[in-house]
Amino acid sequence: MSAYRRPDPPPDRYREGEDRWPFRARGAITSLLVAAVVTYALVVGGAGLGNWVNRLGGLGGGDQTVEVEPGRTVVVEIPSGSSARSIAGILVGNGVVPSAIEFESLVRTREAGSLLKAGTYELVTGTDLDEIVDLLIAGPPLDVFRVTVIEGLRLVELLEVLALSTRNYSDEDFTAALMSGDVTSAYLPQGLETAGWEGLLFPATYEFFGDVTPSEMLQRMATEMERRLEGYDWSTVTARGFSVYEGLVMASLVEAEAGTDADRSLIASVINNRLERGMPLQIDATVLYAMEDRGRSPTLEDLEFSSPYNTYLIGGLPPTPIGAPGAKSIEAVIEPADTDYLYYVLTSEDGSHSFFRDYDDFLAAKQQADALGIG
């Protein structure tokens, strides 16, 4: 849509947090609890004391328990400076051990609190607590790194991000890996060479071992996209005569155009409505993709740029996605808003658009947005 748009604001990146277990004394109440525990211990012995401590949640710390599904391999990050208590919370949070108090109690019994080492571990859920403590004392055996691929990146940008995350490989190595045939996808179109991989690598945060190869990294991302796509019900898309792959192409257009989550399903509805009426999509992001440009609005001259991706000149969808769509854009295509909108224009500094059925209303809103310097 010719809206003279500003660059899309980057999607939220993945954030992480660490559980913290505050221990707050409660004055006289805590003193009474301690006295009760001591009295009980004198009467029934040490075993009774342990049970009381568990029931009281560690005298104010609170137990943290989960149901553990045994046998799963989990990559766990222990930050530098973590206490036995915070490590216990991390292990419970990742489903490695069922009880934080039991783990912390064992660490104290073994006087191992100062011996536990920070780092990245590959742990198996349901492992005996003593063995977990032994592993944390021995230290992390894994050389693991993390890479975040944000939504909307084009393939060339995505490969650069992957290359920068490694020590030994360039973006050319990743391109060669895609062309080698070692990386596969059920959705890979034939005859498009590297361009056929556009949009088929799911944007997310991944953790890889230090000796991972480019092919292994790319296959992990391709498999994740396959898994995601196969987890959706695409009947609303196929009922309109489009394939799942074409739905992915639409999702990439939504990802490139939407500045806010609220706009995604509305932009998807405009795409559907224009396709149903045989109207060209006229999406600015496709023009810039064709020109290998980004971060500006196309000029009138740009709109004449000859390319199968220029949706001002071609009918229907471009031949491939124009970037890596995230889950929200895919879901917007599967469940678009029910509207008769045919036009939209950027009208707010927060990246949101206004939507219109009538072309004259669209032009008036566009002129107003231009006058305000929005776009």
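## Ring pairs, loops and a helix crossing in a predicted model

Y232, with a relative accessibility of 22%, counts as partly exposed, a class that lies between buried (under 20% relative accessible area) and exposed (over 50%), as computed with a 1.4 Å probe on protein chains only. The model is predicted, so local features are reported only at a pLDDT of at least 70 and side-chain atom pairs only at pLDDT 80 or more, whereas totals for chains, interfaces and linings use all residues. Residues are numbered from 1 along each chain as its sequence is written, and side-chain values rest on heavy atoms, with hydrogens and water left out.

**Aromatic pairs**

Rings of Phe, Tyr and Trp (the six-membered ring of Trp) are paired here if their centres lie within 6.5 Å, and a pair is stacked if the planes are under 30 degrees apart, edge-to-face if over 60, and tilted otherwise. The search of the whole structure returns 10 aromatic pairs. One of them joins Y232 to W234 in an edge-to-face arrangement, with 6.3 Å from centre to centre and 85° between the planes. W234, at a relative accessible area of 7%, is buried. The pair of Y343 and F362 is stacked, because the ring centres are 5.4 Å apart and the planes meet at 20°. This second pair links distant parts of the chain, as Y343 belongs to strand β5 (residues 343-346) and F362 to helix α14 (residues 359-371), 19 residues apart; helices (H or I, at least four residues) and strands (E, at least two) are DSSP runs numbered from the N terminus. Both Y343 and F362 are buried. Elsewhere, F145, Y206 and F208 make up one aromatic cluster.

**Helix packing**

Helix α6 (residues 155-165) packs against helix α8 (residues 214-230) at an angle of about 130°, with 11 Å between the axes. The angle makes α6 oblique to α8, given that angles under 35 degrees count as roughly parallel, over 145 as roughly antiparallel, 65 to 115 as roughly perpendicular, and the rest as oblique. The axes are lines fitted to C-alpha atoms over the stretch in contact, and the angles run from 0 to 180 degrees between N-to-C directions. The crossing of α6 and α8 is right-handed, that is, the near helix is turned clockwise from the far one by less than a right angle, whereas an anticlockwise turn would be left-handed. On the α6 side, L158, L159, L162 and S165 meet M217, L218 and M221 of α8, where contact means heavy atoms within 4.5 Å.

**Loop residues**

P189 lies in the loop between α7 (171-179) and β4 (205-209) and is partly exposed at 22% relative accessible area. Apart from neighbours within four places in sequence, P189 is in contact with G196, L200 and Y245. The C-alpha atoms of P189 and T320 are 8.7 Å apart, although 131 residues separate the two along the chain.

Two residues other than glycine with a positive phi are set out below.

| Residue | Phi | Loop | Relative accessibility |
|---|---|---|---|
| E111 | about 50° | between α4 (100-109) and β2 (119-124) | 69%, exposed |
| E292 | near 55° | between α12 (284-290) and α13 (327-334) | 73%, exposed |

**Confidence**

The mean pLDDT of the chain is 85, and 83% of its residues reach 70 or more, pLDDT being the predictor's confidence in each residue on a scale from 0 to 100. Over residues 3-62 the pLDDT is below 50, and this stretch has 81 contacts in the model beyond near neighbours in sequence. Where pLDDT is low, the predicted coordinates should not be read in detail.
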